[in-house]
Each structure stands twice: as structure tokens, then as C-alpha cells.
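Welcome, and take a moment to look the structure over. This short tour visits a few places in turn, beginning with a cysteine.

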Amino acid sequence: MNKTCRIINLQEEYSQLFKENISLLENGAPEQMNVLRAAAFDSFISKGIPSNKVEEYKYTNLQPYFKGTFDVAFSSDGAINNNSEKFHCGVPNLDTYNVFMINGWFAQQDELSTLPKGVIIGSIRDKAKEHPEIFEKYYNTNAPVDSDAMVAMNTAFAQDGAFVYIPKGVVVDKPIQLVNIMTGENDRLIFQRNLVIVEENAQVKMMLCDHTISPQKFVINNLTEVFANENSIFDAYNVQNQHNLTTQVSGMFVHQKKHSNILTNNLTLHSGVTRNNIRVTMDDERCESHVYGLYLSDKNQHVDNFTFIDHAKPNCESFELFKGVMDDSASGAFTGRVLVRPDAQQTNAYQSNNNLLLTENAKINSKPQLEIYADDVKCSHGATVGQLDDEAMFYLRARGINENEGRILLMFAFAYEVIEKIRVEPLKENIRSLVEKRFRGEFDKCDSCVVCGQQGSSVSCL
């Protein structure tokens, strides 16, 4: 059931929306989700949609984007399977388990019957009721509602999402591809909640692909909780390719146990307003985390990456690298906080943020931070903001490369380091190609998602 709401006064309108539709939200949802809604909503109302007066959101005022007239789907509709059938994998030689979400709702996929034994993938609403012992152990334990207003909002309004469970010792033979499709005849407000559990000695790679296939305004609040248990390996590649009327707040909260190894790579290739919240908690010894990101923006687009790496226990390592290329009047922000707690001796933590500004009107705010309370550590951080290297350009021009090709080569060389962190070879090759097209100005339509191309689309990037 779609509910059309007009949001003008943020606090009052969202309060009314929640109270009028709580029965629809709770209908068919697991008890654990419903139990948390009221407290989460109270926390959200007390904080409100973040403005730039909130320290952690000082570079992104979200309030204007959450105002307007939206359809909100409090139950799934008949468009789900029809829309998912329009998509196919567009990356050569990439074999994946495909999972489709339409406007925040899980779309049934028959091919999931071929998953390795014990692996569970499905709707979070359904699988939570089928496996309450797993769901109740993990859900909302790493994304407390008092940590962030957008976490509280998602927990209160969560519609549906993906449930992914990898049992002990299972190595998933090919990546799981979670495709988030936004579509509709009216502007939409979407709340999606994902839960990923990787048990001891298990391994899995996931690709999260965010894609719009209709030109309406979309406002999205997505949250993914990930639990990487002892000796597990988890990769997540979040590929964001949306038109300019999309506002997305995307959260990934990762909790690590002993000897786990995680990698996240946020690739923002096209968007309107994007806020990525990435939080990694190393809650045991010998954890290793790799947190990367690449953001390419032009026109009046805005990308804000906020990361928090929590070294809670000793003998852990973290490696963090974000790079951005800003053109036209685009703006961006990077805030990276690394916390080394008093007991976290023998910590190695490295953080870097590098940015290219291609015009005088492009802007970036960079705020790398180290907060260290232990004395036996190796930590470093740094940030750079600059333009294309004139000497390197002269070198290329002297060898017969024209100025435009030289600019493209230098920009690609700048982005290359983040692309090379992708550990799925066919995806890496496709990202290389799309980044080059973006730099050449050929990436003018959202008719080809990075990993899922829609056939025959004519949706233009507005």
C-alpha cells in the first residue's frame, strides 16, 4: 500500500506519518523490528533530520531534501517482479547470485535455490520470522538508534530489506549482487534495512548496486548491518549510479571479531545528493579492515563520505583511502575519524583522502581525524586538495598527446589506486571502463548500471 504524504514541517509531518501508519508498518513485520520502532522514533524526533548545525553533518544539510510530497510504500506492490525482470547482468564474465530490491522491498528470486548449503538469502521480514534465533541475536546490535538520527529514522520506518546469512565454514562460490531499484510514477520516500551475518571461517563478496530507472525524485534512507565473525572474510562494493534528483543516505555498520578481514569500497559514479555513513568496529584482536571510496561529481552534485573506524581491541590494522574528482560546481566532503581506545595497543591505522578540483567553482571539505588513547601504535593520516599537475600535462603534450586526452589520462591515473582495490576482477574491469567514460563525458545517461544494465532505458540524468 502506497501512502502519499506531504512533508513541510519536518518534525510534525514525520510524527503524523509514523502515528497514522504504525499498524501498516508492523503488519507482517517480525516482532523484533516492531519492538524497536517506538523507541527509535522517539530518538529520531528528539534529534530531527540533520542540518549542518549537527557536527557530523556540518557539510551536508539534509533537511531541504526530506521535504516534499512523497509516496511511501508501507507494503509491497505488484510492480516488484515486473521491474526486476527488466534487468540483466551487464558485466562480461561476471557470474553472481542476483537479489533485487524494488523501492525497498525484496523481489523473489528463483535462482537463489542454487545457493550453497546453509546459506540464507531473502526478505528480512520473512527470514527473521523463519530464523528468529539468528535475527534476534544480531539485529540492531551494531547500529544503536541513539548514534545517529538517520539510523533512528531507518529503524522506526524500516519497510523491508535483504537478509543474508553465511554459515560457519562456507565459502560462497560467486558474489552476491544486491540490486536496489528505485522506480515509480511519483516522488518516493524509501526505507530499506539489510542484515548480513558471516559466521566463523566463512567468506562472501557482495555488490550493492543503487539504480534509478524513472525520472522522479527519490529520497532514500538505507542501512546495512554487517557482522564478520571469527576468521571470516567479507567484501562489499557499493556502486551508486543514480540521477540528479536522487537523495541517498546510505549507512554500512560493520562489526568484526577475531582474525576477520573486511573490505568496503564505495564507488559514487553518479548521484544527486549522497551521504555515505561507514562505521567499522574492531571488537576483537587481529582484525583487519580496508575502507575505500571513489567519488566523481559534476554539475551541482554533492557527495559526503563520513567514516568512523573504531579500534576497540589490540593488534588490529585498518587501511583507509578515499579519492574524489569534482568538476563544474560540484561539492564534496570527507570526514574520517579513527579512534584508538586505551586498550588497543599494537594498532596500525592509516588514513588518506585525496581530491582533484577541476574548476574554480568545485569545492571539497576534508577533515581526517586521529583520536589516540594508546601509546604503542603506528597511525597516520593526511589529506590533499589540488588540481591537475601542469608538469605532468606538459610531459604528455610533449609526447603528442592532446590536452583533452592528457586530462583524461591524469584523472584516470588519480582514480586508479582505488579501482585497483576491487577484488572481483570482472567488476574491476567494468569500473575502469565506466570511470574512463565518465571522464570523457560519455556517461550522460543512467541507462546502464555498473553491474546491472537495463535494456532500452531512456532515463536521462537530469
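Cys287 is a good place to begin: with a relative accessible area of 2%, Cys287 is buried. Please keep in mind along the way that this is a predicted model.

**The cysteines**

How many disulfides does a search of the whole structure find? The search gives 0. Cys287 is accordingly in no disulfide, and its nearest cysteine sulfur, that of Cys316, is 4.3 Å away. A disulfide needs its two sulfur atoms within 2.5 Å, so that pair does not qualify. Cys379 is in no disulfide either; for Cys379 the nearest cysteine sulfur is that of Cys316, at 12 Å. Is Cys379 buried or partly exposed? With a relative accessible area of 24%, Cys379 is partly exposed.

**Around Gln256**

Cys287 also leads us to Gln256, since Cys287 is among the residues that Gln256 touches. Gln256 belongs to strand β13, which covers residues 246–256. Its relative accessible area is 0%, so Gln256 counts as buried. Leaving aside residues up to four places away in sequence, the contacts of Gln256 include Ala228, Asn261, Ile262, Val280 and Thr281. Asp283 is another residue touched by Gln256; the two are 27 residues apart in sequence, and their C-alpha atoms are 5.7 Å apart in space. Glu288 is one of the contacts too, and the side chain of Gln256 reaches the backbone oxygen of Glu288 at 3.2 Å.

**Strand β4 and its partners**

Now turn to strand β4, residues 97–102, where 6 of 6 residues are buried. In a regular strand, side chains alternate between the two faces of the sheet. Which residues of β4 lie on each side? Tyr97, Val99 and Met101 are on one side, with Asn98, Phe100 and Ile102 on the other, and all of these are buried, so both faces are covered.

Strand β4 pairs with β8 (residues 176–182) through 6 bridges, and these two strands run parallel. Within this pairing, Ile102 stands opposite Ile181 in β8. Strand β5 (residues 105–107) is joined to β4 by 3 bridges, and here the strands run antiparallel. Met101 faces Phe106 across this pairing, standing opposite it in β5. β4 and β5 form a hairpin with 2 residues between them.

**Positive phi angles**

The turn of that hairpin holds Asn103, which has a positive phi. Here is Asn103 beside two other asparagines with positive phi.

| Residue | Phi | Place |
|---|---|---|
| Asn103 | about 50 degrees | turn of the β4 and β5 hairpin |
| Asn140 | about 65 degrees | loop between α5 (132–138) and α6 (149–157) |
| Asn201 | near 60 degrees | loop between β9 (188–198) and β10 (203–212) |

Asn140 is buried, with a relative accessible area of 13%, whereas Asn201 counts as partly exposed at 41%.

**Two helices side by side**

The loop holding Asn140 leads on to α6, our last stop. Two packed helices are described by the angle between their axes and the distance between the axes. Helix α1 (residues 10–26) packs against α6 at an angle of about 35 degrees, with the axes 10 Å apart. On the α1 side, Tyr14, Leu17, Phe18 and Leu25 make the contact, and on the α6 side Met153, Ala156 and Phe157 do. What kinds of residue make up this contact? They are 7 nonpolar, no polar and no charged.

Methods:
Residues numbered from 1 in each chain as written. Predicted model: local features only at pLDDT ≥ 70, side-chain atom pairs only at ≥ 80, totals over all residues. Heavy atoms only, no water. Helix = DSSP H or I, 4+ residues; strand = E, 2+ residues; numbered from the N terminus. Buried < 20%, exposed > 50% of the residue type's maximum accessible area, 1.4 Å probe, protein only. Contact = heavy atoms within 4.5 Å. Polar contact = N/O pair within 3.5 Å; in protein donor to acceptor, adjacent residues only side chain to side chain. Pairing = 2+ DSSP bridges. Axes fitted to C-alpha atoms, helices over the stretch in contact; angles between N-to-C directions. Nonpolar A, V, L, I, M, F, W, Y, C, P; charged D, E, K, R; others polar.
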